[in-house]
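Hi there,

Here is the structure I promised to pass on to you. Have a look at it first, and then read on for my notes on what turned up.

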Amino acid sequence: MKTVKKYSGKKIVIIAVLVAVLVALLVGAILIGSPEKGSLSEELTDAVLHEDKQFSLFGLINVNPALISAYIVTAVLLIFAACVRIFAVPRFREVPGKFQLVIEQAVSFFDNMAKTNSPHKNGFLGCYIFAAGCYIFVGTLFELFGIQMTAAGGQSVSLPAPLSDINAAIAMGFLSYFVILGGGIATNGVRGLGRALKEFSLPLSMSFRLFGALLSGLLVTELVYYVIYLSIGLPVIVGVLFTLLHALIQAYVLTMLTATYFGEVTEPAKKKGKRAAKSKHKETVAA
């Protein structure tokens with residue numbers, strides 16, 4: 001009974017704290033009012049096209065902020081991978097610790113995905129979808145850090161997710177398609193090339209699906225920010241939920257599509273002629 005009362009008391013305290021935080025946010029929003037904002041259409045247009053808030057790349061050319069994000073995410077992943085390989089992997093044991101278990105589960109997930117969808121050829125496929133999934137997941141979560149940098153025009157800009165730029169999404173879609181195309185040619189030659197070319201719309205569909213899903217979270221957050229009395233606190237919750245949801249879903253969707261189509265183009269052609277000849281030979285011998 002004492003334990004039950006103890007836990008119920010903790011729940012009451014937690015609920016009271018949450019209610020107090022929500023009330024404080026509501027009161028603060030009412031007292032402060034809606035913050036000053038620019039035009040909604042301008043903010044949404046800039047979030048998609050990045051025409052005004054660009055960065056100078058080594059003083060040579062102005063680029064979209066998503067490119068800077070892509071460089072940072074790529075550097076972080078490469079450094080992390082090098083550290084894991086040099087310092088962590090040699091210390092792995094038969095009974096895994098927490099960090100080793102997380103790494104092994106992530107590798108096993110993408111490896112099993114490759115083997116399940118492409119049983120005939122999956123060595124390189126497993127490596128690619130693991131790298132692509134990690135990049136999409138980490139790159140999507142990157143915008144949660146809200147890293148501020150000064151644009152070429154002097155504005156302070158929060159770096160977005162790399163794949164929220166249409167150019168980055170198209171590059172990822174075509175890279176996945178080229179992996180599928182290369183697997184088909186390496187396995188089945190001209191036949192594999194023909195199978196891959198039949199899906200000529202695949203890179204565009206993957207690109208725009210990825211871009212639209214990641215951008216929708218940003219646009220929804222911007223829209224919530226423009227609602228009176230909701231511009232304090234709620235955009236944070238909405239932004240985090242959308243970002244986590246898109247990070248998981250889009251990493252899974254693109255890797256699954258790549259593995260599925262890769263398995264189709266690398267599937268060996270059925271030798272119908274030889275099978276028919278063998279069956280006729282057996283019938284003749286039986287007769």
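**What I found**

Apart from neighbours within four places in sequence, Ser158 is in contact with Gly146, Ile147 and Gln148. Ser158 belongs to strand β4, which covers residues 156-158. Its relative accessible area is 33%, so Ser158 counts as partly exposed. If you want a distance to check on your screen, take Ser158 and Glu143: the two are 15 residues apart in sequence, and their C-alpha atoms are 7.9 Å apart in space.

Before going further, please keep in mind that this is a predicted model.

**The chain as a whole**

The protein chain has 287 residues, and 31% of them are buried. It contains 10 helices and four strands. Going along the sequence, these follow the pattern α-α-β-β-α-α-α-β-β-α-α-α-α-α. Among contacts with a separation of 6 or more, 70% are between residues 24 or more positions apart. The chain exposes about 17,900 Å², with carbon and sulfur atoms supplying 69% of that area.

**Helix α9**

Several of my notes come back to helix α9, which spans residues 234-265. Let me start with a residue inside it: is Thr258 buried or exposed? Thr258, found in helix α9, has a relative accessible area of 1%, and because buried means under 20%, it is buried. Leaving out residues up to four places away in sequence, Thr258 touches Leu125, Tyr128, Ile129, Ser176, Ile180 and Met206.

Met206 appears again in the next item. The structure holds one cavity of 30 Å³ or more, and the volume of the largest cavity is about 40 Å³. Which residues line the largest cavity? They are Met206, Arg209, Leu210, Gln250, Val253, Leu254 and Leu257. Two elements, α8 (202-225) and α9, each give two or more residues to this lining. The most comes from α9, with four residues.

Helix α9 also takes part in a feature on the outside. Phe137, Leu245, Leu248 and Ile249 form a nonpolar patch on the surface, and together they have about 350 Å² of accessible area. Helix α9 supplies the largest share of the patch, three residues. One of the patch residues, Ile249, has its place in helix α9. The relative accessibility of Ile249 is 38%, so this residue counts as partly exposed.

**The salt bridge**

How many salt bridges does the structure hold? There is one, and it joins the side chains of Lys115 and Asp111, at 3.2 Å from N to O. Where do the partners sit? Both are in helix α4 (residues 98-117), and because they are four residues apart there, about one helical turn separates them. Lys115 has a relative accessible area of 44%, so it is partly exposed. Asp111 is partly exposed as well, at 26% relative accessibility.

**Two more residues to click on**

The first is Tyr135, which is found in helix α5 (residues 123-141). With a relative accessible area of 17%, Tyr135 is buried, because the cut-off for buried is under 20%. Not counting residues up to four places away in sequence, Tyr135 touches Ala70, Val73, Thr74, Leu77, Pro162, Leu163 and Met172. Tyr135 and Ala247 are 112 residues apart along the chain, while 9.7 Å separates their C-alpha atoms.

The second is Ile185, whose place is in helix α6 (residues 166-188). What is the exposure class of Ile185? At 41% relative accessibility, Ile185 counts as partly exposed. Setting aside neighbours within four places in sequence, it is in contact with Gly192 and Leu193. The C-alpha atoms of Ile185 and Val265 are separated by 8.4 Å, and the two residues are 80 apart along the chain.

That is what I have for now. Do write back if you would like to go through any of it together.

Best wishes

Methods: Residues numbered from 1 in each chain as written. Heavy atoms only, no water. Patch = residues over 30% accessible without salt bridge, like charges linked within 9 Å, V, L, I, M, F, W, Y side chains within 5 Å. Areas by Shrake-Rupley, 256 points an atom, 1.4 Å probe, with all protein chains shown as cover. Salt bridge = Lys/Arg side-chain N within 4 Å of Asp/Glu carboxyl O. Buried < 20%, exposed > 50% of the residue type's maximum accessible area, 1.4 Å probe, protein only. Contact = heavy atoms within 4.5 Å. 1 Å grid on protein atoms, 1.4 Å probe; cavity = no way out; pocket = protein on both sides within 12 Å on 5 of 7 lines; lining within 4 Å. Points joined across faces, edges and corners; volume = space filled by probe spheres on them.
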